[in-house]
Amino acid sequence: MTLTTMLSTMAAGMARTTGIFALTLIGSLPLGMVVALLRKSRFGIVRGIISVYIAVIRGTPLMLQLLVWYFGPFYLFGASIRGWRFPALILGFIVNYAAYFAEIYRGGIESIHIGQHEAGEVLGYTKAQTFMRIILPQVVKRIMPSVTNEVITLVKDTSLAFTLAYQEVFSLAKQISASQTSFMPFVIAGVFYFIANYVVAFAMARIEKSMDYYR
Amino acid sequence: MIIEMNNIQKQFGDLKVLKDISFNVDSGEVVSIIGPSGSGKSTLLRCATFLETIDGGEIIYMGQKAAHTDAEGKAVYVSHKELRNFRSYCGLVFQQFNLFPHYSVLKNLIDAPVHVQHRSREEAEKTAMDLLGKMGIADKANSYPYQLSGGQQQRVAIARALAMKPEILFFDEPTSALDPELTGEVLKVIRQLAEEKMTMVVVTHEMPFAKAVSNRVLFMDGGVIVEQGDPKEVFENPKMERTKAFLRVFER
């Protein structure tokens, strides 16, 4: 296998990695907010369910969760899992990352001084208006460093997709390395991940900077 | 009457913070509330501005009942929607300013008028600029709160409350978070509002200010109004022993 073939095969894998990454963020960033808000629900049962969910997600390996998502339907319901590989993968990632984002959001929301809520209330804003106009913008600014951390971790976590034999860049690197008895695929994969994270860090720094106009 | 609060009771757990307090304010009146910390002054303001709910008694704004006590002796409020209407009658200036840090000074002043009261942006901006001018900080319209001194921030907070055109403005220790040299500029603004006959209730520890500016002084202690009346009378010739003891501390 020439280096060019290797590179182009692995670039296709990197595109799939990017796909997992993007879909996970699109799903988990908003879902995390829903979870964070439900965690503060006035119904005890809802709060209970949410804290069990977060405890289970944080207390078990993502790799195991992916396997459960993929094989669960077969072992639990005897359902066919044909074509289920990619949906299971994305679901596993979204549900996992939403739990972590939810905790980051919760920390952010709780860190906003009560006076901000009260000022909104006295000025006649509805609860939803106070949250959207006053609280959330400040939360976003405050949690950016933690979100950046999580997003960078996600770039690397996408490699866990190899557990379900999904052909993203890490699975391909392993396969090609074994079949070609070459170390090169690992080097290429490493460079790909590094570049991806460099781009992520750069983009996040730009977003953080755009909120620098206030303290 | 702008506001009437009758037989207000408020309790946090087992602690009775307001014990059957009755209190009203007429249009154009400036009332100062003094008293030791924990006496219920702030709680009274927070009940008047609906940040806290009362356990018993009634709150009446402009002759309309916002809350009353039902047959079982429990306080009942009007619906959430109606309550928003009542909120528009009153403004509150906090000890900690509580400006919105992500909004410019101007936006702090126009956001609620535009998004809560649905007034036109143009009109809200004009009102806001007039108010900032009056507060002596028109040049800060495009600054952000963190760029201002404490005294300037509190003046913005006063302007933000006034931008809603309330019938009555409550101040919860407006100068307690300020350095002594910044206190003066905030008190000056409140004094100016008093001259314009703005109806105000000020919880304060600034005794000379309370004496000079208010029409009436209330001394609260232990959840009750111990004494009230003409500021000159209360300060120079207090009737109650507790008032005397409290004022003596300030004379030292």
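Let's start in the middle of things, with helix α3 of chain B: what covers its buried residues includes α6 (127–157) of chain A together with α4 (121–134) and α5 (150–162) of chain B. Keep in mind as you look around that this is a predicted model.

How many of the residues of α3(B) are buried? The count is 9 of the 11, so this helix is largely enclosed by the rest of the structure. You can pick the buried ones out by name: V105(B), L106(B), N108(B), L109(B), I110(B), D111(B), A112(B), P113(B) and V114(B).

Now step back to the place where the two chains meet. Chain B brings 23 residues to the contact, and chain A brings 20 residues. A common way to put a size on an interface is to give the accessible area lost when the parts come together. Here, the area buried between chain B and chain A is about 2,100 Å², with 58% of it coming from carbon and sulfur atoms. Three residues stand out on the chain B side: F100(B), H102(B) and Y146(B) supply 29% of the area that chain B buries against chain A, more than any other three residues.

What else links the chains? There are 3 salt bridges across the interface of chain B and chain A. One to look for pairs R46(B) with E118(A), where the closest N and O atoms are 2.7 Å apart. Between the two chains, 11 residue pairs are in polar contact. Which elements of chain B give two or more residues to the side that touches chain A? They are α2 (80–87), β7 (90–93) and α3 (105–115). Our starting helix, α3(B), gives the most to that side, with 4 residues. Sort the residues of this side of chain B by type and you get 14 nonpolar, 3 polar and 6 charged.

Chain B also has strands worth a visit. Strand β1 (residues 3–12) and strand β2 (residues 15–25) of chain B pair in the antiparallel sense over 8 bridges. In one of these pairings, Q11(B) has K16(B) in β2(B) as its bridge partner. The hairpin of β1(B) and β2(B) has 2 residues between the strands, and there G13(B) takes a positive phi near 65°.

Chain A has 8 helices and 0 strands. Its C-alpha trace spans about 70 × 50 × 25 Å along the principal axes. Of its 215 residues, 44% count as buried. Take the contacts in chain A with a separation of 6 or more: residues 24 or more positions apart account for 74% of them.

Conventions
Residues are numbered from 1 along each chain as its sequence is written. Chains are lettered from A and ligands numbered from 1 in the order in which they are written. This is a predicted model: local features need pLDDT of at least 70, side-chain atom pairs count only at pLDDT 80 or more; totals for chains, interfaces and linings use all residues. Side-chain values use heavy atoms; hydrogens and water are left out. Contact means heavy atoms within 4.5 Å. Buried area is the accessible area (1.4 Å probe) that two parts lose on being put together, summed over both. A salt bridge is a side-chain nitrogen of Lys or Arg within 4 Å of a carboxyl oxygen of Asp or Glu. A polar contact is a pair of N or O atoms within 3.5 Å; within protein, one must be able to donate a hydrogen and the other to accept it, and residues adjacent in sequence count only if both atoms are side-chain atoms. Ala, Val, Leu, Ile, Met, Phe, Trp, Tyr, Cys and Pro count as nonpolar, Asp, Glu, Lys and Arg as charged, and the others, Gly among them, as polar. Two strands pair if DSSP finds at least two bridges between them. Buried means under 20% relative accessible area, exposed over 50%, partly exposed in between (1.4 Å probe, protein chains only).
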